[in-house]
Amino acid sequence: MAKYAGVIVDISLEKLDRVFDYRIPAHLEERIHPGAQAWIPFGMGNRRMKGFVVNISDTCTYEESRVKELLGVCEGAVPVEGQLIELASWMREKYGCTMNQAMKTVLPVKNKVKEQVKILVSLNADEQMVAAYIAANKRCKARIRVLQALMENGTLQKEVLLQEAATTAGTLKELQEEGMIFFQSETVYRLPKISKEEKKRITLNEEQKNVLKVFRTDYEEEKREHYLLHGVTGSGKTEVYMEMLTTVLKEGKQAIVLIPEIALTFQTVMRFYTRFGEQVSVIHSKLSAGERYDQMERAKKGEISVMIGPRSAIFTPFSNLGIIIIDEEHEGSYKSEITPKYHAREVAKKRCEVSGAVLVLGSATPSIESYFKASCGEYKLLKLSKRINDLKLADVQVVDLRTELKEGNRSVISRALRAQMQDALENKQQIMLFLNRRGHTGFISCRSCGHVLKCPHCDVSLTLHKDGRMRCHYCGYEQLQAKQCPECASPYIGGFRAGTQQIEEVVKREFPQARILRMDLDTTRKKGSYEEILNRFSKGEADILIGTQMIVKGHDFPAVTLVGVLLADLSLHGSDYMAAERTFQLLTQAVGRAGRGDQPGNAVIQTYQPEHYAVREAASQNYEAFYDLEIAYRDLMSYPPMSGMLAMLLQSEDETLLENDAEKIKTSILELEIPLLRVTGPTPAVVSKLNDVYRKVIYLKHEDTKMLYRVRDFIDEEVKNEKINKQIRVEFDENPLYAY
Ligand code: ADP
Ligand code: ZN
Ligand code: ZN
């Protein structure tokens, strides 16, 4: 039977969906696959052109007799676009999106609509020269207005300046050519020149050397392995990454380094820049699409060889990629929230396979999934167990809030934490107070005994809804809100409503002399305020920084000696299976903030469940012990990574229709009779109504993810054939990080 190849000729944003079908001659069948570059006869005159194969199929979309045949496969190395198209094809299958969506995510496509780049204009010459210039050019009124406006205002945005000086772009251009003014685009990451003394080299310690020895031996033997570097905070992981880069760059290869946006600070970038100089480039969310595209072009042309950036930097079009490093690999921000809902870790693995590159994942608190893969031998485990210079990890004290209540302290600050805060303030040391609200969805617990109400089927916390009922977000189990504790009959049962603002008020009241900064979504909404708060704190303009998880990621404050976690339970009882993992990571990171300078650090973790293993092992900083218990729980409950999980989100404006059809969809899935497939729901999503759209979710679990894809493909067909009402939108998400 004949096979057909879909081919695109023009890689630009508007034309990605212009796919032309060609018949594959039998002798080429073996060599044609998504990403291959082929010769095609194109258009009326059958001009011989190059195109990229994007898909292969048994059928063609138009009349068989009019379909032309491929002429041949282009010889030589596959251009990087080919590699990326191969990646897109894999993403289409894995994440269940269209090829067009996948290609738009993967390819650096130029947007034809010319975007407005903000241009800033500044004076180039000193004031005396400007004055002399004005005197000499008295008759050029427009130029003088420009210069005067700039003298008064300093730097101005181009549009503003044009208005202010009532002039044209031509005038600005003349002034620029004469060297009086200069343009700069606002968001360019300006990297300063490096002075010699900054380039001092570090002598690696034994652990670092051992890790690198393993890496280099493999590399020299041309083994392209996947590594998981598990190194406690401050153990010198970044230093190891840079050595690995050196090894790979020496071979003339290129490197991608992923760092979570929130940790992508100037300091981090400078470390790479100081070491590797101009061959380093950075992309981040503040770049405009055009600037991003320019950086991607530079990568393609080989002008740079190291790209640092968040999630999307994984698609940097290096044609000779040698290594991908993902720092803080456990971070949730590596997973895309929009279709295709890809995880950079998974994409990186595939990209390494396609490009013959090495993958290095690094973290102080590896994701359970990655550590599991390491334990199965899929990743090679590398360890750094000690902090540099034998810096000690903080002394951690766990405070039982039930005891506080029993002994009459109703404040959000325990007596132990208060005493330690007093000490730190007296010694002019800094304090961080951390409220881990992330993932907090409104669980119900007992203040007297710490008991948390859980779903009897799924072992995750029940969530209180506005209608007074408590629900499980996986299976839909529900019950009326409890009025007393089922364990100890105490009436002190309910949800938590603690916010950073309330905490700030309490701290102000209890420590009126302390200078306080608060960092949360409210105080950081304004652009740049996030950096500003961190800067002020690091300059010592405040004694106490109160904040959400934003404050615990990767910032070094040497003067911080005390970290207080106000309520560990908030993230502990999220309504999804990853709650304990997330809590362990957050607590470990928070505790790791204390004692980075020459003073030893202290940390206090407040909780109603001091016996919970996530709290206990974070306090003792024992990752392996936590992992063993967590993986046993995943195994028992068939949660990832022990089983595949697929969330199916159903959305509709019509509530009744959704109600009925969600059940019907579930039935049709059950009728597939896939052995060992587990289906729960439909249940209302955590956000059960959004912008007047109702949301329900069905969860599917199976040990073999292929079975889950089978369900997804079946539903996709049903949608295509309109067996599922068009008023219902269906979305899939594999291994969702949070409950829907
Ligand atoms: P991590 O990434 O594991 O948190 P870093 O690589 O940031 O650790 O190292 C922490 C600090 O220790 C950095 O300031 C780094 O420059 C320094 N450092 C790393 N390795 C060494 C070493 N072998 N000797 C001295 N200082 C080191
Ligand atoms: Zn109780
Ligand atoms: Zn349940």
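## Metal sites, ligand shell and backbone features

With angles of 107 to 114 degrees among its 4 donor atoms, the zinc ion (ligand 3) sits in a tetrahedral site. This description refers to a predicted model, and the values below are computed from its atoms.

The ion in question, ligand 3, is coordinated by the SG atoms of Cys-455, Cys-458, Cys-472 and Cys-475 at 2.3 to 2.4 Å, and along the chain these donors follow the spacing C-x2-C-x13-C-x2-C. Of the residues that supply these donors, Cys-472 and Cys-475 are buried. For reference, the ideal angle for four tetrahedral donors is 109.5 degrees.

The other zinc ion, ligand 2, has as protein donors the SG atoms of Cys-446, Cys-449, Cys-485 and Cys-488, which lie 2.2 to 2.4 Å from the ion. The arrangement around ligand 2 counts as tetrahedral because its 4 donor atoms subtend angles of 106 to 113 degrees, and a site with four donors is given that label if all angles lie between 85 and 135 degrees. The spacing of the donors of ligand 2 along the chain is C-x2-C-x35-C-x2-C. Distant parts of the chain are linked in this way, since Cys-446 belongs to strand β19 (residues 445-446) and Cys-485 to the loop between β22 (478-480) and β23 (493-494), 39 residues apart. Both of these cysteines, Cys-446 and Cys-485, are buried.

The two zinc sites are set side by side in the table.

| Zinc ion | Donors (SG) | Distances | Angles |
|---|---|---|---|
| Ligand 3 | Cys-455, Cys-458, Cys-472, Cys-475 | 2.3 to 2.4 Å | 107 to 114 degrees |
| Ligand 2 | Cys-446, Cys-449, Cys-485, Cys-488 | 2.2 to 2.4 Å | 106 to 113 degrees |

Ligand 1 is surrounded by 14 residues, of which the closest are Thr-203, Gln-208, Lys-237, Thr-238 and Arg-271. Divided by type, the shell holds 4 nonpolar, 7 polar and 3 charged residues, and its largest share, 3 residues, is contributed by helix α8 (residues 237-250). Oxygen atoms of the ligand take part in several contacts: one lies 2.8 Å from an N or O atom in the side chain of Thr-238, and there is likewise a distance of 2.8 Å from a ligand oxygen to an N or O atom in the side chain of Arg-271. At Glu-239 the partner is instead a backbone N or O atom, 3.4 Å from an oxygen atom of ligand 1. Taken alone, ligand 1 exposes 560 Å², of which the protein buries 71%.

Turning to the backbone, most residues other than glycine have a negative phi, and most peptide bonds are trans. A cis peptide bond nevertheless joins Thr-339 and Pro-340, with omega about -10 degrees, and Pro-340 lies in the loop between β14 (321-327) and α11 (344-355). The bond from Gly-681 to Pro-682 is also cis, with omega near 0 degrees, but Pro-682 is found in strand β29 (residues 678-690).

Positive phi values occur at two glutamates. Glu-673, in the loop between α21 (655-670) and β29, has a phi near 50 degrees and is exposed, with a relative accessible area of 66%. Glu-722, in the loop between α22 (705-720) and β31 (729-734), has a phi of about 55 degrees and counts as exposed at 51% relative accessibility.

A loop residue with the opposite exposure is Asn-409, between α13 (401-406) and α14 (415-426), which is buried because its relative accessible area is 12%, under the 20% limit. From Asn-409 to Glu-251 the C-alpha to C-alpha distance is 63 Å, with their positions 158 residues apart in sequence.

Conventions: Residues numbered from 1 in each chain as written. Chains lettered and ligands numbered in written order. Predicted model: local features only at pLDDT ≥ 70, side-chain atom pairs only at ≥ 80, totals over all residues. Heavy atoms only, no water. Near = heavy atom within 4 Å. Polar contact = N/O pair within 3.5 Å; in protein donor to acceptor, adjacent residues only side chain to side chain. Areas by Shrake-Rupley, 256 points an atom, 1.4 Å probe, with all protein chains shown as cover. Helix = DSSP H or I, 4+ residues; strand = E, 2+ residues; numbered from the N terminus. Nonpolar A, V, L, I, M, F, W, Y, C, P; charged D, E, K, R; others polar. Donors = N, O, S within 2.8 Å, 3.2 Å for Na, K, Ca; no water. Tetrahedral: all angles 85-135°; square planar, octahedral: opposite > 155°, others 65-115°. Buried < 20%, exposed > 50% of the residue type's maximum accessible area, 1.4 Å probe, protein only.
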